[in-house]
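Here's a quick tour of one chain, written to be read with the model open beside you. Have a look at the fold before reading on.

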Amino acid sequence: MRLVTPRGVTEWALTLGQHTWYSVPQTEVMPWWRAHEDCHKQQFARDGWLRFCARYLWEYLAGRRAGLTHAQAYLNISYEREAQAAADACYAWLHRNLGRALPTMAQGSGLEH
Ligand SMILES: [Zn+2]
């Protein structure tokens with residue numbers, strides 16, 4: 001399970017299994033944000049609920065034990081890094097094909113970086 005809380009904490013998403021709830025209307029979900037959450041759906045399907053949740057929590061707590069802040073520990077979870085890579089790849093593809101008309105990832109992306 002995951003909450004994506006960008007700077008303003010006004011936008012978030014929660015993906016559990018094959019369902020994602022967004023805090024904004026579907027029309028406002030940027031494609032790279034959707035790519036991030038869709039990656040989590042694939043992770044749930046690939047690894048199963050138990051393994052996903054256990055590993056997610058274990059990696060977060062390991063990061064905190066190592067002295068990372070909440071945000072650092074969250075971003076360091078392997079599932080989050082994989083989902084962010086999917087979002088980055090989506091953004092890069094769109095930028096190549098749509099050019100500079102594309103808003104930056106920080107503008108309405110819902111992602112933490
Ligand atoms: Zn995520």
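What follows goes from the overall layout to the hairpin, then the helices and the core.

**Layout.** Keep in mind that this is a predicted model. The chain holds 4 helices and 2 strands, and from the N terminus the order reads β-β-α-α-α-α. Of its 113 residues, 22% are buried. As for how contacts spread along the sequence, take those between residues at least 6 apart: 53% of them join residues at least 24 apart.

**The hairpin.** Strand 1 covers residues 13–16, and strand 2 covers residues 19–22. The two run antiparallel, with 4 bridges joining them. Across the pair, Leu14 sits opposite Trp21 of strand 2. The hairpin has 2 residues between its strands, and Gly17 takes a positive phi there, near 65°.

Which side chains of strand 1 point to the buried face? Ala13 and Thr15 do, while Leu14 and Leu16 point to the other face and are not buried.

**Helix 1 and helix 2.** These two make a handy pair to set side by side, so here are their spans.

| Helix | Residues | End-to-end C-alpha distance | Expected span |
|---|---|---|---|
| Helix 1 | 31–47 (17 residues) | 24 Å | 24 Å |
| Helix 2 | 17 residues | 24 Å | 24 Å |

For helix 1, the reach is close to what 1.5 Å a residue would give; for helix 2, the figures agree as well. A glycine with positive phi follows each of them: Gly48 comes after helix 1, with phi near 85°, and Gly67 comes after helix 2, with phi near 100°.

How do the two helices meet? Their axes come within 6 Å and cross at roughly 115°. On the helix 1 side, the contact involves Gln43, Phe44 and Asp47, which meet Trp49, Arg51 and Phe52 of helix 2. Sorted by class, that contact has 3 nonpolar, 1 polar and 2 charged residues.

**What's buried in helix 1.** The list is Trp32, Trp33, Ala35, His36, Glu37, Cys39, His40, Gln43 and Phe44. Their cover includes strand 1, strand 2, helix 2 (49–65) and helix 4 (78–98). If you're tracing the spacing in that list, recall that an α-helix has 3.6 residues a turn, so residues three or four places apart point the same way.

Why does His36 count as buried? It has 28 C-beta neighbours inside 10 Å, and the cut-off for being buried is 20 or more. His36 belongs to helix 1, and its C-alpha atom is 9.7 Å from that of Arg81, although the two residues are 45 apart along the chain.

**The core.** Which residues make up the largest nonpolar core? There are 10 in all: Ala13, Met30, Trp32, Trp33, Ala35, Cys39, Ala83, Ala87, Cys90 and Tyr91. Helix 1 and helix 4 are the elements that give two or more residues to this core. As background, nonpolar side chains in soluble globular proteins tend to be buried together.

To pull the threads together: Ala13 of strand 1 points to the buried face and is part of the largest nonpolar core, while helix 4 both helps cover the buried residues of helix 1 and gives two or more residues to that core.

Conventions:
Residues numbered from 1 in each chain as written. Predicted model: local features only at pLDDT ≥ 70, side-chain atom pairs only at ≥ 80, totals over all residues. Buried ≥ 20, exposed ≤ 12 C-beta atoms within 10 Å, placed from the backbone. Pairing = 2+ DSSP bridges. Contact = placed C-beta atoms within 7 Å. Expected span 1.5 Å × (residues − 1). Axes fitted to C-alpha atoms, helices over the stretch in contact; angles between N-to-C directions. Nonpolar A, V, L, I, M, F, W, Y, C, P; charged D, E, K, R; others polar. Core = buried A, V, L, I, M, F, W, Y, C linked by C-beta atoms within 7 Å.
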